[in-house]
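Visitor: I should like a close look at the interior of this protein, beginning with its cysteines. Please follow the thread from there to whatever else is packed or paired around it.

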Amino acid sequence: MEINSYSTWLEIDLNAITENVAYIKRMTGVEVMAVIKANGYGHGARPAAQAAVQGGATWCGVARIEEALALRRAGISAELMVLGYTPPSKIPEAIDQQIVVSLFDPSQAETCLNYARINGGRLRAHVKVETGMGRLGMLPEEVIPFLRALQGSAIQVEGIFTHFARADEPESGYTQRQIEIFNQLLAELEHEGLKPPLVHAANSAAVFNFPQAWYNVVRPGNAIFGMSPSPAMHLDPALKPALAWKARLISVRTFQPGQGISYGSIYTTKSNERIGVIPVGYGDGFRRVDNQQVLVGGKRVPIVGRVCMDQAMLQLDTVPDAKPGDEVVLIGTQGDETISVDEVAERWSTINYEVVCGLADRLPRIYTK
Ligand SMILES: Cc1ncc(COP(=O)(O)O)c(C=O)c1O
């Protein structure tokens, strides 16, 4: 696709996703469930899934059944799992499309069974266990009676999993306690002859911090896109960021002193100042906060005035040659300078996950290999 025909776009390096998955698979030696919910963390669900499968992922994990169905329709033949809630009325489609659902509440199963009977097939499911996340999951003591009740039914439990709340803080001891609770349950299930074949727990942070929680499937999301699971964790240097955000200068003009820039005139030119415009705003997921920077001509330049819905203004005095059509980098590298997703997240007082998940649909995604 022709990049020149866009005024702002995301560049997504699919090879980076493939290699990041392959690296995690080699390192852990177990199956990888690539978590590609929320439009593949903003990278595009289908291309991200294809790249992950190419890197050796045997599973793709999503949050909602609609995401899984869209991947099936797009031709993804890998195992697909819904990690969140599936409305019971969608169970027949899950059965038809071989989508694995999560069961996290014993009371959910009865309704699911009723819908499974309508279809006549067998619903494939993994049981989610609450070990300390305080979100979805049945209590460990509920699992054995639940699995017993399902024996011989239309629900086939193929896996069991839990989710970690603080795997990015290994020194806290919290994840260790979660692992102990989970392991205790696994031992009891083994003893009862009820242990499902697949066991998984490790999100990206646990992939790197808790090898004892790899079991036989790992479930990384953020790391496959080359992002660090938390500002407290250093990203493994083998992982490559997959996403860059670029734009073009669409206007450059010199304003006289005293010119208010953008809504509210919160920035006023002090002298003759060169002000550039990029066609990017909060309608694209670029936040309306002060003190932001982008790269022009390999240099950091400040955004001045309020970010609008579709435009933002740059102070270009340090790049006197900048002209309309020049490339601007909002996330990524230009020359010797890099603005990482983490840097943007810090400016927005959030985490890198929220930055990429907030990238608007209207941003063209250009895929490179
Ligand atoms: C149940 C579950 N597993 C795995 C992940 C992947 O987490 P991460 O992106 O931190 O690797 C998520 C994401 O939030 C999740 O909700």
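Guide: The closest cysteine sulfur to that of Cys 60 belongs to Cys 357 and lies 16 Å away, too far for a bond. A disulfide requires the two sulfur atoms to be within 2.5 Å, and the structure, which is a predicted model, holds zero disulfides. Cys 60 is nonetheless a buried residue, as its relative accessible area is 0%. Cys 112 is likewise buried, with a value of 1%.

The surroundings of Cys 60 lead directly into the nonpolar interior. Cys 60 is one of the residues touched by Ile 36, whose contacts beyond four places in sequence also include Gly 61, Val 62, Leu 71, Ile 224 and Phe 225. Ile 36 is in turn among the residues with the most contacts inside the largest nonpolar core, together with Ile 155, Val 296 and Leu 314. That core has 117 residues. Because domain 1 (14–225) and domain 2 (243–339) both give residues to the core, it lies between them. The C-alpha centres of these two domains are 42 Å apart. Apart from the largest core lies another, of seven residues, including Tyr 267, Ile 275, Val 304 and Met 313.

Ile 36 also touches Ala 45, Ala 48 and Ala 49, and these three are among the buried residues of helix α3, which spans residues 45–54. The other buried residues of this helix are Pro 47, Ala 51 and Ala 52. An α-helix has 3.6 residues a turn, so residues three or four places apart point the same way. The elements that cover the buried residues of α3 include the helices α1 (14–28), α2 (37–41) and α4 (65–73), and the strands β2 (31–35), β3 (59–62) and β20 (365–368). Just after α3, Gly 56 adopts a positive phi of about 110°.

Polar residues are found in the interior as well. His 126, in strand β6 (residues 123–129), is buried, with a relative accessible area of 0%. Its side chain and that of His 200 are joined by a polar contact of 2.9 Å. Beyond four places in sequence, His 126 touches residues that include Trp 59, Met 81, Phe 161 and Leu 198. Glu 158 is another of the residues that His 126 touches, and the side chain of Glu 158 forms a salt bridge with that of Arg 124, at 2.8 Å from N to O. This pair links distant parts of the chain, with Glu 158 in strand β7 (residues 155–162) and Arg 124 in strand β6, 34 residues apart. Both Glu 158 and Arg 124 are buried.

Side chains of opposite charge can pair when their charged atoms come close. With a nitrogen-to-oxygen cut-off of 4 Å, the count comes to 15 salt bridges. One of these pairs is Glu 190 and Lys 195, whose side chains meet at 3.4 Å from N to O. Here Glu 190 is exposed, at 53% relative accessibility, and Lys 195 is partly exposed, at 34%. A further salt bridge connects Glu 343 with Arg 300, the closest N and O atoms being 2.7 Å apart. Glu 343 belongs to helix α10 and Arg 300 to strand β16 (residues 299–304), so the pair links distant parts of the chain, 43 residues apart. Arg 300 is partly exposed, with a relative accessible area of 28%. Through shared partners, salt bridges join Arg 300, Glu 337, Glu 343 and Arg 347 into one network.

Helix α10 (residues 341–347) also holds Val 341. Val 341 counts as buried because its relative accessibility is 11%, where the limit for a buried residue is under 20%. Leaving aside neighbours within four places in sequence, Val 341 is in contact with Met 227, Ile 331, Asn 352, Val 355 and Val 356. The C-alpha atom of Val 341 is separated by 42 Å from that of Ile 155, and the two residues are 186 apart along the chain. Ile 155, for its part, is among the residues with the most contacts inside the largest nonpolar core.

Methods
Residues numbered from 1 in each chain as written. Predicted model: local features only at pLDDT ≥ 70, side-chain atom pairs only at ≥ 80, totals over all residues. Heavy atoms only, no water. Buried < 20%, exposed > 50% of the residue type's maximum accessible area, 1.4 Å probe, protein only. Core = buried A, V, L, I, M, F, W, Y, C linked by side-chain atoms within 4.5 Å. Domains from an automatic or database assignment. Contact = heavy atoms within 4.5 Å. Helix = DSSP H or I, 4+ residues; strand = E, 2+ residues; numbered from the N terminus. Polar contact = N/O pair within 3.5 Å; in protein donor to acceptor, adjacent residues only side chain to side chain.
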